[in-house]
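Here is a short chat between a learner and a teacher about reading a structure. Have a look at it first, then follow along.

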Amino acid sequence: MRPAFVMTAAAGVLIGLAGGPARADVALSGPDSNAGSYSISALEAAGVSDGTATDGSLTGVSLWGLLGGGTGGVLTSTPAGDNSKNAILRYYVVGTSATGQQSVVSLGEVDPNFGTTSAFIAYQHNGGSALATPELVVTGAPGRDLTNLTSLQLMAVPALPSGGSGVSTGVQLSGTVSRPGTYSAADLIADFTSVTKTVSGDTYTGVPLFSFINSGDSNVTGQIVVAQATDGYEVVYSLAELDPSLNGNAGDLLPYADTGTDFPGDGVARTILPGDNKHGRWVSNVDAIIVSDVPEPASLTLLAAGLGLLGWFRRAR
C-alpha cells in the first residue's frame, strides 16, 4: 500500500470512531505490492497516479493501474509451479460485492500487452459527487459490473510441469460443463456447428470457444476457464469475457484447421482470440480445457493439486 493511502485509511478510522459518516472501502488482496484497503478518496488519489477511466456516467481508477500494471506492482510473487513464460496470463481478479455477488476479470484481458478490455473501480459520477460505495465497471459489459464492491482478490492457477511436448490428439473438457469428455478433431466436426474466422491473413475453421465450453451454468461471471497445452503452457480466461451476450468476442475460436501452416503442428485444436494481437493468449496443442467456479482462498491448495494431478495423468497417458 502506498504511504499516502495508509494515512488516508488511518484518518478514515478516526472519523469513524468520532461518529462521522461510514467509509466505503474496497480491500485489494493477493500477491500485489499495492494490496491494502482503499476508501473512495484513496481510489481517487490512485486514479491521479495510475490513470482514470470513464464509462457512461462513472469515473474511476483503471483496474490494471490499481494493480500496479506497468510499474512493477503486479506479481510480487509468482504462482506455485511457475514456469516463467507469460506467468501473468495465469492470474485473475475476483471482485466481490457486499451481497456476495462475484465478477471475474482475467489479467490477460486487461493487460494492454495482450487484451483489450477496459475495467475500472468507479469512485465518482463524471465531474460530480463521490459514490457512496465503489463499483467495478467492465466497459461495454454491464452484466459484469458490480455495485457495492467490497473486495478484489488477485489469484492464480498453478503452472503445469514444463518441458514436455507433443502434438495433442484430443481436447479434454471438464469441470462445470454440460458436455464433459475428450474430443478428437472428428468429434469437433461432428458434434458442433463450425464457423470460419480470418485473423492476420489466416482463415481458421473451428468451434466458437464459448459454444464448445457450453457450461450450462448461470454463474457465468463467477467462473474461470483454464486452457492447457501439452508443453505446459497455460492461460486463464474469465468465462464472462468469452460470452458474446456479455460483449465477448464471437470470433474467439477453438479451430482445428486453417488455410495457413498452424495445422497439423498445432495438434487437434488450438485457441485463437482475435483481440490479442501478440497471440500470447493463443494456446496451441490444447489437450485440456477446465471450467470452474472461482475457488475460495482456502481451496486454492486443492485446486493446485487437482490441476497438477490432471497434468501428470495426461502425460502418463
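**Reading strands, a helix and confidence**

Q: Let's start with strands. How many bridges join strand β5 to β9, and do they run parallel or antiparallel?

A: Keep in mind that this is a predicted model. Strand β5 (residues 91-97) and β9 run antiparallel, with seven bridges joining them. Want a pair to look for? Y91 has A156 in β9 as its bridge partner.

Q: Which sense does the pairing of strand β1 with β9 have?

A: That one is parallel: β1 (residues 26-29) pairs with β9 over three bridges. Look for L28, which stands opposite L152 in β9.

Q: Is β9 mostly covered or mostly open?

A: Here you count residues that fall under 20% relative accessible area, the cut-off for buried. In β9 (residues 149-156), seven of the eight residues are buried, so by that cut-off the strand is mostly covered.

Q: There's another sheet I'd like to read. What is the order of the strands in the open sheet of five?

A: Going across, you meet β11, β10, β17, β14 and β15, and the pairing is mixed. The edges are β11 (181-183) and β15 (234-238), each of which pairs on one side only. From one strand to the next, the twist averages 20°. For a parallel part of this sheet, try β10 (residues 171-175) and β17 (residues 286-293), paired over four bridges. There, L173 has I289 in β17 as its bridge partner.

Q: Now helices. Why do residues three or four places apart point the same way?

A: An α-helix has 3.6 residues a turn, so a step of three or four places brings you back to the same direction. Now try helix α2 (residues 40-50), where the buried residues are I40, A42, L43, A46, G47 and D50. They sit on the same side of α2 because they cover an arc of only 155° around the axis. V48 and S49, on the other side of α2, are exposed.

Q: What follows α2?

A: That's G51, and its phi is positive, near 100°.

Q: Last one: over which residues does pLDDT stay under 50?

A: One stretch is residues 1-22, where the model has 24 contacts beyond four places in sequence. Another is residues 297-317, with 31 such contacts. For the chain, the mean pLDDT is 84, and 85% of the residues reach 70 or more.

Note on methods: Residues are numbered from 1 along each chain as its sequence is written. This is a predicted model: local features need pLDDT of at least 70, side-chain atom pairs count only at pLDDT 80 or more; totals for chains, interfaces and linings use all residues. Side-chain values use heavy atoms; hydrogens and water are left out. Buried means under 20% relative accessible area, exposed over 50%, partly exposed in between (1.4 Å probe, protein chains only). Helices (H or I, at least four residues) and strands (E, at least two) are DSSP runs, numbered from the N terminus. Two strands pair if DSSP finds at least two bridges between them. Axes are lines fitted to C-alpha atoms, for helices over the stretch in contact, and angles run from 0 to 180 degrees between N-to-C directions. pLDDT is the predictor's confidence in each residue, from 0 to 100. Contact means heavy atoms within 4.5 Å. The arc is that of the directions from the helix axis to the C-beta atoms.
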